[in-house]
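Here's a quick walk through a few helices and a bit of surface. Have the model open and turn it as you read.

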Amino acid sequence: MSEPDDIIRGVDLRPELTPPTVSQQRLNELSCEIERIGDLVTSRSESADAAIRAFNARTGHDYVAVDFAECDASRSLVEFATEAARPARPRVDDITRNELVEIVRRLRTGCLVL
């Protein structure tokens, strides 16, 4: 028999199940780099590909030119920088049903931004 959602709410999530905090300094650094790469991409600079590869190597992500060229179309610069600062594909083993329900609840209410 499953528990109703209102009983499951309020589950304390393990630290590995919540997004890590990102310092303002790191956000500023990444934001500047994202804007710089965006300028390289839109001006069709020959150094754009190398800059993207270096950015991906530093962040562990797999961004492509269009991510930088159209950054403002789908998300803000801060959202992009925050995403880049966090692990690309975090994996957490043995998530419980209650933890999963809590993650979905927080996403739906805007309490957990991934």
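What follows looks at two helices, a threonine and a surface patch in this predicted model.

## Helix α3: one face in, one face out

Let's start with α3, which covers residues 48-59. Its twelve residues should span 16 Å at 1.5 Å a residue, and the end C-alpha atoms are indeed 16 Å apart, so the expected and modelled lengths agree.

Which residues of α3 are buried? They are A48, A51, I52, F55, N56 and T59. Look down the axis of α3 and these buried residues fall within an arc of 135 degrees, so they line one face of the helix. That spacing fits a general rule: an α-helix has 3.6 residues a turn, so residues three or four places apart point the same way.

What does the buried side of α3 pack against? Its partners are α2 (24-42), α4 (65-69) and α6 (77-85). Flip to the face turned away from the buried side and you'll find R53 and A57, both exposed. Right after α3 comes G60, with a positive phi of about 80 degrees.

## A threonine in α6

One of the helices that α3 packs against is α6, and T82 sits in α6. Is T82 buried or exposed? Its relative accessible area is 17%, and the cut-off for buried is under 20%, so T82 counts as buried.

Leaving out residues up to four places away in sequence, T82 touches V22 and L27.

## Helix α7: charged names on the buried list

Now move on to α7, residues 97-109. With 13 residues at 1.5 Å each step, α7 should span 18 Å; its end C-alpha atoms are 18 Å apart, so that agrees too.

The buried residues here are E99, E102, I103 and R106. Viewed down the axis of α7, they stay within an arc of 100 degrees, so they line one face of the helix. After α7 you reach G110, whose phi is positive, near 80 degrees.

## A nonpolar patch on the surface

Where is V104? It belongs to α7, but it isn't on that helix's list of buried residues. At 41% relative accessibility, V104 counts as partly exposed, because that class lies between the 20% limit for buried and the 50% limit for exposed.

Which residues join V104 in a nonpolar surface patch? I95 and L100 do, and together the three make a patch of about 240 Å².

Notes: Residues are numbered from 1 along each chain as its sequence is written. This is a predicted model: local features need pLDDT of at least 70, side-chain atom pairs count only at pLDDT 80 or more; totals for chains, interfaces and linings use all residues. Side-chain values use heavy atoms; hydrogens and water are left out. Patches are made of residues with over 30% relative accessible area and no salt bridge: like charges are joined within 9 Å, nonpolar side chains (Val, Leu, Ile, Met, Phe, Trp, Tyr) within 5 Å. Accessible areas come from the Shrake-Rupley method with a 1.4 Å probe; for residues, only the protein chains shown count as cover. A salt bridge is a side-chain nitrogen of Lys or Arg within 4 Å of a carboxyl oxygen of Asp or Glu. Helices (H or I, at least four residues) and strands (E, at least two) are DSSP runs, numbered from the N terminus. Buried means under 20% relative accessible area, exposed over 50%, partly exposed in between (1.4 Å probe, protein chains only). The expected span of a helix is 1.5 Å times one less than its number of residues. The arc is that of the directions from the helix axis to the C-beta atoms. Contact means heavy atoms within 4.5 Å.
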